[in-house]
Amino acid sequence: MGQAAKVLQLFRTLHRTRQQVFKNDPRALEAARIKINEEFKCNKSETSPKKIEELIKIGSDVELILRTSVIQGIHTDHNTLKLVPRKDLLLENVPYCDTPTQKQ
C-alpha cells in the first residue's frame, strides 16, 4: 500500500473513531473533526517519506488512545456524571484489589 493510501486510510479511521467515541456529543464531535482536519491540512505538503511514516505512526497512536482510553460522560444531575464505556475500552484493565493474595 502506498503512503498516500495509508494517509487516506488513517484519515478515515480517525473520523470513524471520533464518531464512535464522541457519539451523541455534537460539541466534542465538531471539535475533534476540526482538529483532525487541521492536523492533516497542516502536514499536507510534507514530502519526506520518513517524516510521513512518523506522522502516520503518531496518527495511529492517537486513534488507539481515543479508542481505548477516552470515556464519554453524561451529566445526569448537577453533581453527577454517568459514564458510558464502550466495548473497546481498556480490555486489559485489571481491577484493583485492596487485600493482597497469598502465593501458594
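**A tour of the rings, the pocket and a surface patch**

A search of the whole structure, which is a predicted model, turns up one aromatic pair. Select F11 and F40 to see this pair: the ring centres are 5.0 Å apart and the planes meet at 80°, so the arrangement is edge-to-face, the angle being over the 60 degrees required. Now colour the helices. F11 belongs to helix α1 and F40 to helix α2, so the contact ties together parts that are 29 residues apart in sequence.

Keep F40 selected and turn to the largest pocket, where F40 is among the residues nearest the centre. Add L10, E39, N43 and L55, which with F40 lie nearest the centre of this pocket. The full lining has 20 residues, and the space inside is about 590 Å³.

Which elements give two or more residues to that lining? Select α1 (3-21), α2 (26-42) and α3 (49-69) to show them. Of these, α3 supplies the largest share of the lining, with seven residues.

Next, colour the lining of the largest pocket by class. There are 14 nonpolar residues, two polar ones and four charged ones.

For the last stop, leave the pocket and show the surface. Select I71, L81 and L83, which make up a nonpolar patch there. Together, these three residues have about 290 Å² of accessible area. To place one of them on the fold, show strand β2 as a ribbon: this strand covers residues 80-84 and contains L81.

Notes:
Residues are numbered from 1 along each chain as its sequence is written. This is a predicted model: local features need pLDDT of at least 70, side-chain atom pairs count only at pLDDT 80 or more; totals for chains, interfaces and linings use all residues. Side-chain values use heavy atoms; hydrogens and water are left out. Patches are made of residues with over 30% relative accessible area and no salt bridge: like charges are joined within 9 Å, nonpolar side chains (Val, Leu, Ile, Met, Phe, Trp, Tyr) within 5 Å. Accessible areas come from the Shrake-Rupley method with a 1.4 Å probe; for residues, only the protein chains shown count as cover. A salt bridge is a side-chain nitrogen of Lys or Arg within 4 Å of a carboxyl oxygen of Asp or Glu. Helices (H or I, at least four residues) and strands (E, at least two) are DSSP runs, numbered from the N terminus. On a 1 Å grid over the protein atoms alone, a cavity is a set of points where a 1.4 Å probe fits but cannot get out, and a pocket is an open set with protein on both sides within 12 Å along at least five of seven lines; lining residues have an atom within 4 Å of a point. Grid points are joined across faces, edges and corners, and a volume is the space filled by probe spheres set on the points. Ala, Val, Leu, Ile, Met, Phe, Trp, Tyr, Cys and Pro count as nonpolar, Asp, Glu, Lys and Arg as charged, and the others, Gly among them, as polar. Rings of Phe, Tyr and Trp (its six-membered ring) pair if their centres lie within 6.5 Å; planes under 30 degrees apart count as stacked, over 60 as edge-to-face and the rest as tilted.
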